[in-house]
Amino acid sequence: MPSHSRPDDLPAKLSRAIEACGGRLSTGEAKRWEVFAKSSLTRETELIDGRLRRTVQIEESGVGVRIWDGARAGFAAISGLDGSAARSAVAAARAGAAPGPDPMPPQRLLGLTAIPPGPRMPPRGWAQHVTGELAIAIASMSNGSLRLGRTVVQEGHYAWQLCTADDWSADHHRTVASMLVEVLISDRPGIWREWIHIADPESFAAEAVAARIGNRALLTRHRIATDQGLHDLILHPEVSSQLLAAISPLFLACPDDRDPLPGLLGPDGLLSAYALTLVDDRSDPMAPVVGPCDGEGLPARRTLLLEEGAPRHRIANFADARRFDETPRGGAVRLSYRDRPSSGPANLRVLTDDGMAAGELLSASDRALYLLRPLATVTADLGNGTYSLIASGVWLDRQRVRGWHPVVELSGSLGTLLRRIDAVGTDLCWFQTAHGFVGASTLLVRQQPVVG
Amino acid sequence: MTSPSHSSAVFDPAWLDDLADGCRRLPGSHPRFEDLFLERRLEIRVAAGSEVASCRVDGGAARWRFPSRWAIHAATGVSSSAVAELVSRYADRLELPPSPPPAVDLNPPPGWVDWAREIAERTADHNTVIRFLTRRAVVVRRDSWRQVTSPPLVRLESRNIGSTALLAVWGHPRLGDWIRAVFEPPPARGWSPSPGLQTPVIFTEGTAGALLHELVGHLVEGDLIANGRSPLAGLGGANLTEAAIDLTDDPRRTDLPGAFDCDDEGISAKAVTLMRGGRLCGLLCDRETAEVCEVAPGRGRRADWRHPPVPRLSNLVIPAGSASPAAMEADLSHGIVVTRLSGATVDPVSSRTVLRVERGFEIRNGRRRRPLAPLELTGGVTEILAAIDPDVGDDPSPDWRLGWCVKDGLPLPTGSEAPTLMVRRLEVL
């Protein structure tokens, strides 16, 4: 059997690719350039009813090249790390260059933040092992009312290197893991689906994951009950994450004449209640996107976006920061060699230091609608200051479940919703959203109109 | 040997013949070599005020079948050495001649970048991104290979105008009209019907295709049927609607984004009739689920070379009926007409669907009155299907808004063309 790529091989392969690109770029007309090379190895294991159904092993690598020749800028990405990939990437970046300013940050802004080493790649067979443990834990916590159907476990290792014409370089490697879980609910024909970010495979706790899934899924077994009017809302972290993703464009740098944020602020200059503080945290080793620097070499940091309701800083890559007169704070995201660094949060999250335990939040209202999961992407019309949130939830009367509300819509003034956030939970979980990874916790929102 | 002569071949036919010949010698059992998928993709991105970005990605995946499971190994590259390594996971290494450079490389059509840049600059919005997407693939099996060709696509996304998008085949004669429609400002003051209102809804301008994409297309995909996760599982042969609708999934419609001449498992494209006269009669399966569901495969589609083929729909097509859409609206004393949907989902727990209406009008006494504010409609899957009115419009139109279909987090281009349909009762959320 041939030997295949191992995590240990990746740095040397990346270095060779960077050198090959750099050699070609140094002899051309590019005044400034940057090469990003990334390689990853991913194992995906699908099990149905405990039986191994499919294994997928993916080895992917490629380079992305940005150039500026003094008047024109170009970007090209090519899969592969060999000499021909380097040649093609450089040629394509040159061929596609168009008039424009230098998009790359000056060397004086580049730097690295020390990041604790990440976990190791789990051993082979780990996916089957944890799935088996999870199946037992789910059946046990639900007294047989829930059954684990399908899981897709992803374990991966990636490494990247970034190098500039000025001989500045950065590199990073990490192990990542996640799990898609589908649970069958007795007495209901449907399935419950949940995505779990696994920060450290070695500390995976099946009972905790089973509780996270089961506590919500079991609530859908109650009889249907609907209500409307003004009610307290409790947003599960998955619902909160969608809401935060919907408002995340507010924290991107933009031209003043298109900035929707001022129109959403209350008379006190606050976007939300004091309870809410948001950051883009690129230095948290437990978050999904971690590295010593952002996607173009600025040191990784925690950027304060909203502090006790008050807007603070905006996220931008270097080019957008310059264009929109923002201070560059390392807001470039580059998850793949395929993409040029774009403005955006890497790990948008709620700060939960002053939060309450989720259980306390659930008992903080005599009567509330507990929103369990979003049924569609939460939308926010930032220009008009409105939002629409469609979810399923349960009605709670004095901490007792009165019934399941399968489809409920909340809509209205986004500013009012945000300013009525009374408390945040400490139960931070990470979710994938249309606007990247969001770390959210339970939110208690007072007196919102509920319809349908 | 299946060796079609394609003038647009990006893989050398003689090399593929050698490769297929080598694959014939791979193990036929324990594990059995199933297929090798090779793909080249090109994406060009243009945004106002940014450099043009091009991305070329090549990769392949070899698939093996064990008695009770599948194993897939995917890796970057389509060179002889990369391919030889891929197919040698469970066999002796194949000796392949070097793969010659492609006779035709993937490139955007002449003038595309300038065309896209002009649109991007006209919007003057740094959040508007225009993409050109094209791919070529081959599926190599033990005794043959097939080229997979799909039309080049244009995708436009704008987060500035209420986050809207377009997906269309490049060169479609109506592309210019659709782009203009993307940038039409929404009505200044829209009408919002009362939540909880049960009302008739007319789906026109192709939106009925997006509706049936969710209500039928996804729910007859083999994986959902095979494990009982679809509310339509077990309803084969049942009358789902009173309307005598013929619903077909047709990848041969090269004017629609979901087109291909051969699926990603090497099966020639054929139309599959999903409903005939309103009766459920077909399923969409890949090779794996086709065995379970006992139907023909042909809808094994891959998001790209890194992902295994799964059952996915292509282009949903409903032929014209005989009713005039104007007459359908004129017959309505009060209701809603939908001219653009911005999203549709089916909740796997409750089987209820949520439709996001982006544009439309109130109908009162047979005439369009106020434009709608964005709103949501809901109903149970089978209840909505049962409430489709027998009158079918004579105006089949493609939907350009919702073709970028995401399932289990993986996007694929799909298309639809449908005439105006009316659902007698939907609930306003």
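1. Let's start where the two chains share a sheet: S3(A) and strand S2 (residues 53–65) of chain B run parallel and are joined by four bridges. Within this pairing, Ala76(A) stands opposite Ser54(B). Strands here are DSSP runs of E of at least two residues, helices are runs of H or I of at least four, and both are numbered from the N terminus. Two strands count as paired if DSSP finds at least two bridges between them.

2. A word on the source: this is a predicted model, in which local features need pLDDT of at least 70 and side-chain atom pairs count only at pLDDT 80 or more, while totals for chains, interfaces and linings use all residues. Residues are numbered from 1 along each chain as its sequence is written, and chains are lettered from A, and ligands numbered from 1, in the order in which they are written.

3. Now the wider interface: 50 residues of chain A are in contact with 44 residues of chain B (C-beta atoms, placed from the backbone, within 7 Å). On the chain A side, the elements giving two or more residues are strands S2 (51–68), S3 (72–79), S7 (191–198), S17 (386–397) and S18 (400–413). S2(A) gives the most, with twelve residues.

4. Chain B also has an open sheet of six strands with mixed pairing, in the order S11-S10-S9-S14-S23-S20. Its edge strands, each pairing on one side only, are S11 (279–280) and S20 (397–398) of chain B.

5. At the S11 edge, strand S10 (residues 272–276) of chain B pairs with S11(B) in the antiparallel sense over two bridges. There, Met275(B) stands opposite Leu280(B).

Definitions and conventions: Two residues are in contact if their C-beta atoms, placed from the backbone, lie within 7 Å.
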